[in-house]
Protein chains: 2
Amino acid sequence: MLGLMRGAPALGRQHQRTWSTATTTATTAAAASKRVVRSTINDVRQLDDGARVAVGGWVKSVRKHKSVNFVNVNDGSCLAEMQITLPAADADEGASLDVNIADITVGSSLFVEGVLREVPGGKQKRMELHPDTLNILGKCDAQVYPLQKKYHSLEFLRENLHLRARTNTFGAVTRVRNALSQGLHSYFQDNDFLQLHSPILTSDDCEGAGEQFRIAKPDGKNEFFGTPTYLTVSGQLHAEMYACALSKVYTFGPTFRAENSNTTRHLAEFWMVEPEMAFAGLEECIESAQGAVQRSIKQALQACPDDIEFFNKNYDNAISERLQTLCDREFARITYTEAIEILKKCGASFEKNPEWGMDLQTEHERYLAEKYVGGPVFVTDYPSDIKAFYMRRNDRDAEGRETVAGMDLLVPKIGELVGGSVREERFELLEAKMRQLGLVPEELAEQAERSASGGSLDWYLDLRRFGTVPHAGWGLGFERLVLFATGMDNIRDVIPLPRFPGQCQH
Amino acid sequence: MLGLMRGAPALGRQHQRTWSTATTTATTAAAASKRVVRSTINDVRQLDDGARVAVGGWVKSVRKHKSVNFVNVNDGSCLAEMQITLPAADADEGASLDVNIADITVGSSLFVEGVLREVPGGKQKRMELHPDTLNILGKCDAQVYPLQKKYHSLEFLRENLHLRARTNTFGAVTRVRNALSQGLHSYFQDNDFLQLHSPILTSDDCEGAGEQFRIAKPDGKNEFFGTPTYLTVSGQLHAEMYACALSKVYTFGPTFRAENSNTTRHLAEFWMVEPEMAFAGLEECIESAQGAVQRSIKQALQACPDDIEFFNKNYDNAISERLQTLCDREFARITYTEAIEILKKCGASFEKNPEWGMDLQTEHERYLAEKYVGGPVFVTDYPSDIKAFYMRRNDRDAEGRETVAGMDLLVPKIGELVGGSVREERFELLEAKMRQLGLVPEELAEQAERSASGGSLDWYLDLRRFGTVPHAGWGLGFERLVLFATGMDNIRDVIPLPRFPGQCQH
């Protein structure tokens with residue numbers, strides 16, 4: 001087999017993949033010398049006629065003809081399949097391959113070496129692989145393989161979570177998800193943010209963000225950690241801890257809600273991105289949210305054009321245009337007070353009538369983004385009564401109403417994608433609010449006791465006690481961004497293994 | 001204040017930071033126009049004499065002299081501090097600043113605008129800032145601020161977790177941690193791996209990896225998910241699910257152990273990196289582990305040279321050389337059988353005598369890495385009896401002993417940094433092993449029932465039932481890499497908020 005690869009094209013080192021054919025004792029240089037270079041289909045399809053390659057993958061379709069068989073293979077590196085052209089058994093040429101075409105079924109796995117040939121005709125350049133060697137690595141019994149058929153409903157695939165990554169849709173979701181994630185990292189790393197690995201387990205009972213899962217007592221008596229312990233609902237407070245020391249940080253990790261929400265927008269476990277910036281106000285909050293979302297979408301458009309086109313064709317035919325437009329322009333901005341006026345005057349009928357002081361419903365959010373703006377819009381300065389305790393209070397307006405320096409980013413189809421605010425950095429104002437909510441003990445304990453007390457958020461006040469700074473941050477529900485970028489409708493279809501009430505399979 | 005910034009140097013757009021001085025209603029263009037560009041100290045220190053800048057930060061030290069005061073400020077963007085040179089109150093020049101120097105104490109926060117001046121003399125170029133405007137954003141009462149003193153023990157700082165990021169050590173740890181993390185992402189992204197956000201919550205009771213935390217029943221009766229639910233101990237099986245569809249994936253997320261380990265090497269919550277590759281054997285496993293670790297360390301050396309030097313000076317004076325050496329050469333490789341022979345013959349006295357069939361202890365691992373190799377070493381082909389069920393069985397050796405195609409990467413000071421293996425892809429062998437361990441039901445249920453059953457690992461067998469492929473992967477305990485790269489001794493000091501038995505503060 002080695003000889004076959006002598007003429008292998010010089011792919012860049014980072015594109016060379018190897019697969020050991022002798023995995024039994026592959027620890028020595030001898031084993032290494034037996035290896036055959038595997039290339040991804042994504043790399044191979046960009047090579048020219050005559051190139052010698054080896055690819056591995058899973059069979060997507062088999063078309064049998066009189067003198068030739070076409071086997072399409074996918075390896076997950078891209079949406080595109082590589083067509084393997086096999087002479088039929090009765091043709092002389094194919095005898096040397098020594099494979100039974102009946103064993104090549106949908107879902108079986110192959111390792112193939114051979115020569116690339118350009119398929120004549122057609123508008124776009126298309127390559128097929130003429131094999132010298134073809135190994136069937138793993139058969140797949142068509143009688144029992146759940147994904148044997150060509151089309152499967154998303155519902156059916158949700159019941160076969162462990163296999164759904166083998167479909168075009170979930171391969172595309174995984175690639176776009178990866179690109180969106182890397183786009184976010186790139187934005188933050190290029191803008192001086194440090195990634196903060198904030199904890200999942202917490203003894204803070206964080207007010208307002210949602211119901212928390214609790215860790216069971218292992219022996220029914222003792223707490224493992226000595227205090228009641230929960231799964232985090234947000235890394236924000238911990239991000240503030242670090243921003244108030246290192247200026248700019250971001251978290252990117254799983255968060256949890258123990259809420260009985262059976263909707264297409266909610267999960268019990270989902271990933272959040274939460275940047276936090278010191279020496280920053282609402283302007284920085286808005287600019288960084290726009291910058292990060294745009295960078296993330298650009299990365300998906302750039303790295304996964306075929307996947308985006310696939311979603312556009314199969315799931316939402318406005319998605320390509322929507323994503324492109326989003327990258328090209330500034331997001332609109334209106335205040336909450338303006339938003340309520342717009343909603344009151346717009347003439348649309350809502351289930352809940354817009355009134356100053358109410359929280360915006362998804363119907364309102366979508367109207368503003370889809371109908372009024374026709375794109376993403378920041379809504380700022382919400383009434384303080386409907387927002388969390390840590391948001392910075394604005395001066396009262398002319399009518400005596402109190403708002404906070406917060407913002408939500410609303411986008412078409414989704415509604416709220418990002419929520420953020422300036423944080424209340426003024427010790428007296430924050431302390432009064434937190435006492436009112438019972439988040440810190442009524443009597444200020446001594447320093448030593450304060451440090452040791454679990455559960456209390458007094459440590460959060462220390463960030464204002466000692467060298468407080470104006471700071472701001474926001475949170476983005478990552479799965480909502482994946483929904484937005486793919487045009488998929490159900491949040492359970494944009495995370496590898498969805499967790500929601502009644503469902504925690506695998 | 002605006003006028004001051006007219007001559008501001010043209011930093012690249014990605015280096016411009018702004019800080020709104022009016023955060024109350026910062027939603028309009030009017031507010032934007034009032035903003036002053038903040039630069040990070042890391043950017044500012046590379047500018048030239050005469051540049052106009054604005055920086056924000058926390059005071060690290062104040063030195064008062066007769067006619068001048070020196071205030072050192074850090075903003076977390078680098079280890080270096082910016083020296084602010086303030087005329088003393090009785091000097092004419094300083095009167096316009098209108099600050100009381102007594103309010104500038106260690107831990108207080110400042111926002112300063114002015115002109116950079118090169119400090120004359122000294123070997124290295126050093127800049128100081130002559131301010132036109134200085135705002136004390138937050139005072140810090142020296143009487144109660146826990147970090148008032150210059151030196152604090154690591155133990156003391158562990159009791160002040162919410163403030164320790166303000167010290168040089170924990171700033172440096174956070175920056176190096178960020179660089180190591182980005183280095184790993186870069187390696188995987190450049191080598192066609194897709195990041196897989198594998199779940200924290202799982203109904204799989206994963207054999208062998210360690211004790212699991214369980215989620216409490218919310219109302220004491222019903223399980224939220226309908227099945228007993230645990231915190232994951234490893235994303236490997238889920239990574240295999242996706243590698244057996246998309247070829248190359250990696251997880252990077254928190255994992256958990258409910259073990260009563262009170263050591264300097266163990267945490268109850270820690271971050272793991274787990275790549276998984278289809279069409280791969282032990283050779284790819286070893287190559288990718290070396291590549292990823294080297295890339296990660298290189299990133300830290302490149303992005304954080306001052307921090308690495310700080311650790312070298314203050315914590316482990318061999319760290320710079322150790323990291324540099326690691327990047328420059330291939331890691332050594334020996335088999336487990338060779339390792340046992342080496343340990344038997346070496347003449348060193350161990351607490352536990354080396355014998356074929358035993359698991360290597362940390363004392364053995366460190367001997368091999370530190371004394372025998374003097375650097376990182378892969379040990380391969382361990383006895384199958386001491387390794388997990390999913391590792392691929394090798395052929396028996398000449399003496400009839402059975403090993404698996406697994407590897408551990410051992411490094412000086414730490415011992416095991418990476419553990420990986422080829423996975424058993426042969427259905428019959430894996431099924432027999434799993435039945436023996438009770439991981440799948442004795443009787444094979446019907447397809448429909450199999451899919452719906454929670455808790456059983458039968459889905460894992462499906463990956464071999466349908467188009468199985470040779471595949472391999474490894475796991476790296478991220479905090480151990482941070483320990484290795486910083487020379488710190490206690491794992492509790494290299495994660496923002498450590499969780500271990502009896503401790504889950506904040």
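At what angle do helix H7 and helix H8 of chain A pack, and how far apart are their axes? The views below, all taken from a predicted model, start there.

**View 1. Helices H7 and H8 of chain A packed against each other.** Here H7 (residues 305-314) and H8 (residues 319-328) pack at an angle of about 130 degrees, and their axes are 8 Å apart. That angle lies outside the roughly perpendicular range of 65 to 115 degrees and is not over 145, so H7(A) and H8(A) are oblique to each other. On the H7(A) side, look for A:Ile308, A:Phe311 and A:Asn312, which meet A:Ile319, A:Ser320 and A:Leu323 of H8(A). Sorted by class, this contact has four nonpolar residues, two polar ones and no charged ones.

**View 2. A salt bridge that starts from helix H7 of chain A.** Staying with H7, we now pick out A:Asp306, whose side chain meets that of A:Arg45 in a salt bridge, 3.1 Å from N to O. The two partners are 261 residues apart, so to speak a link between distant parts of the chain. A:Arg45 sits in the loop between helix H2 (41-44) and strand E3 (52-64) of chain A. Over all chains, the salt bridge count comes to 60.

**View 3. Helices H9 and H10 of chain A crossing.** The axes of H9 (residues 336-345) and H10 (residues 362-373) come within 11 Å and cross at roughly 80 degrees. H9(A) and H10(A) are therefore roughly perpendicular to each other. H9(A) brings A:Ala339, A:Ile342 and A:Leu343 to the contact, while H10(A) brings A:His364, A:Tyr367, A:Leu368 and A:Tyr372. Six of these contact residues are nonpolar, one is polar and none is charged.

**View 4. The interface of chain A and chain B.** How many residues of each chain take part? In chain A, 132 residues are in contact with 131 residues of chain B. About 10,700 Å² is buried between the two chains, and carbon and sulfur atoms give 59% of that area. Looking for salt bridges across this interface? The rule finds zero between chain A and chain B.

**View 5. How chain A maps onto chain B.** Rotate chain A by 180 degrees, with 0.0 Å of shift along the axis, and it superposes on chain B with an RMSD of 0.0 Å. That is the relation of a two-fold axis. Both copies use the same surface, with 99% of the contact residues of chain A recurring in chain B.

Key: Residues numbered from 1 in each chain as written. Chains lettered and ligands numbered in written order. Predicted model: local features only at pLDDT ≥ 70, side-chain atom pairs only at ≥ 80, totals over all residues. Heavy atoms only, no water. Axes fitted to C-alpha atoms, helices over the stretch in contact; angles between N-to-C directions. Helix = DSSP H or I, 4+ residues; strand = E, 2+ residues; numbered from the N terminus. Parallel < 35°, antiparallel > 145°, perpendicular 65-115°, else oblique. Contact = heavy atoms within 4.5 Å. Nonpolar A, V, L, I, M, F, W, Y, C, P; charged D, E, K, R; others polar. Least-squares fit on C-alpha atoms with pLDDT ≥ 70 in both. Buried area = accessible area lost by both parts, 1.4 Å probe. Salt bridge = Lys/Arg side-chain N within 4 Å of Asp/Glu carboxyl O.
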